[in-house]
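Student: Could you walk me through how to read a few features of this model? I'd like the general idea and then the actual case.

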Amino acid sequence: MPPRLNVKCFTRSMPLRPQPRLQWSVRPATRFSVSQYRSYSDSKTSGANDRSAKVDAKPEDHVSQEAAKTAEIMGEQGPDLSRGTPVEDIVKNDKDAQEKLPKVMKDKLKANANAAPKGSRSYSTMTTQTSSQGLDMGLVDVQSAAKLPQIPGLKFEMPTLPLPKDGHVKRRYDPVVEQVTNLLMRHGEKSVAQSNMARILQHLRTSPIPTINPAKPLLPGAPPPSHLPLNPILYLTLAIDSVAPLMRIRSQRGAAGGGVALQIPVPMHLRQRRRTAIEWIMSNASKRRNVGSGKGSFAQRIAQELIAVVEGRSTVWDRRNALHKLGVAARANIVLPKKR
């Protein structure tokens, strides 16, 4: 059955109105502008801008230069322009200026003392370079100030002999500081050990005055406790030498017969004693609880252990006393050579 709606009635013609296109005007790539010339401007080559030739642009002459020109006109001997003019010569004929001078210069003008020694001027108005050695300030003699070396061919004087202990570049530090630094060093990093050593000394310097324990005295002749923070190297040396043992125990097998080990006390040198004390202090410091953080934590723990040693609170004292007690008990095992 065909549809009742007629589709053709819906169709409608639509008018088409074309719009004109916009055309862009073609412009040249380069634009030529007419050069502007200002006829009223001054030329660069003209001498209108040069003010150096004008009379009012030149600076006035100095007092010494005016006096030299006047003396040249009058046929007299003028001042030396290579040297400054003293104030006395400037105000010599001016009474008003003399009244305003300082009392020292007034007294000098009244006394009319002898002339200053050659090569020196008092109260000069300017400084001039008279020689290659420096500036002549008018107060001292530059030539006499320079001292020539006693031995010809040397720029500086010979050093005084014998040389001091810290005169060598490789031994310029204190021996205790150098030994502690070497024991702090790990994997050959000496710069890190030196940095830790500096932190230890800084902590000792800024620490409060220690309280000495009479039961565990320090070395005889030690300075008062109030002086220790002022000298951190002395603080470090006193703490190490006070707990350094005097001997070590050497076990010798078969000395008593039958293969039994015999304990024999052996004395130690100063460097060996200090090494043992430093190792004990570092061992106790490694067991301390880490209070701070960062790179300086280990150095801070060692500094706290050193302060504890000086105050008698460290267990290093008990370790030293036990070693000395064992050495005294084993002194009978020392066999002295028989006299012939």
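Student: Let's start with contacts: which residues does Arg275 touch, not counting residues up to four places away in sequence?

Tutor: Contact here means heavy atoms within 4.5 Å. On that basis, and setting aside residues up to four places away in sequence, Arg275 touches Gln179 and Leu183. The C-alpha atoms of Arg275 and Leu183 are separated by 8.2 Å, although the two are 92 residues apart along the chain. One caution up front: this is a predicted model, so local features need pLDDT of at least 70 and side-chain atom pairs count only at pLDDT 80 or more, while totals for chains, interfaces and linings use all residues. Residues are numbered from 1 along each chain as its sequence is written, and side-chain values use heavy atoms, with hydrogens and water left out.

Student: Where does Arg275 sit, and is Arg275 buried, exposed or partly exposed?

Tutor: Helices (H or I, at least four residues) and strands (E, at least two) are DSSP runs, numbered from the N terminus. Arg275 is in helix α9. For burial, under 20% relative accessible area is buried, over 50% is exposed, and partly exposed is in between (1.4 Å probe, protein chains only). Arg275 has 43%, so Arg275 is partly exposed.

Student: What about Asn284, also asking for helix and contacts?

Tutor: Asn284 is found in helix α9, residues 270-286. Its relative accessibility is 14%, so Asn284 counts as buried. Leaving aside neighbours within four places in sequence, Asn284 is in contact with Glu305, Ser314, Thr315 and Val316.

Student: And how do Thr181 and Ile233 read?

Tutor: Thr181 belongs to helix α6 (residues 175-184). With a relative accessible area of 5%, Thr181 is buried, and apart from residues up to four places away it touches Ala193, Gln194 and Met197. Ile233 lies in helix α8 (residues 232-243) and is partly exposed, at 32% relative accessible area. Its contacts, without the neighbours within four places, are Asp174, Val177 and Leu201. The C-alpha atoms of Ile233 and Val176 are separated by 8.1 Å, with these positions 57 residues apart along the chain counted as their separation.

Student: How do I find empty space, and what lines the largest cavity?

Tutor: Rolling a probe the size of a water molecule over the atoms shows where empty space is left. On a 1 Å grid over the protein atoms alone, a cavity is a set of points where a 1.4 Å probe fits but cannot get out; a pocket is an open set with protein on both sides within 12 Å along at least five of seven lines; lining residues have an atom within 4 Å of a point. Grid points are joined across faces, edges and corners, and a volume is the space filled by probe spheres set on the points. The structure holds one cavity of 30 Å³ or more, and about 60 Å³ of space lies in the largest cavity. Its lining is Val180, Leu184, Leu236, Ile240, Ile278, Ile281, Met282, Ile302 and Leu306. Helix α9 gives the largest share, three residues, while α6, α8, α9 and α10 (297-311) each supply at least two.

Student: What classes of residue make up that lining?

Tutor: Ala, Val, Leu, Ile, Met, Phe, Trp, Tyr, Cys and Pro count as nonpolar, Asp, Glu, Lys and Arg as charged, and the others, Gly among them, as polar. The largest cavity has nine nonpolar, no polar and no charged lining residues. The second largest pocket, about 150 Å³ in volume, has two nonpolar, no polar and seven charged. Among its lining residues are Lys165, Arg171, Tyr173 and Glu178.

Student: Which residues touch the most other members of the largest nonpolar core?

Tutor: A nonpolar core is a set of buried Ala, Val, Leu, Ile, Met, Phe, Trp, Tyr and Cys residues joined through side-chain atoms within 4.5 Å. The largest has 35 residues, and Ile200, Leu236, Ile240 and Leu306 touch the most other members. The largest share of this core, seven residues, comes from α10.

Student: Last one: what is notable in the backbone at His187?

Tutor: Most residues other than glycine have a negative phi, and most peptide bonds are trans. His187 has a positive phi of about 60 degrees although it is not a glycine. A cis peptide bond joins Leu161 and Pro162, with omega about 0 degrees.
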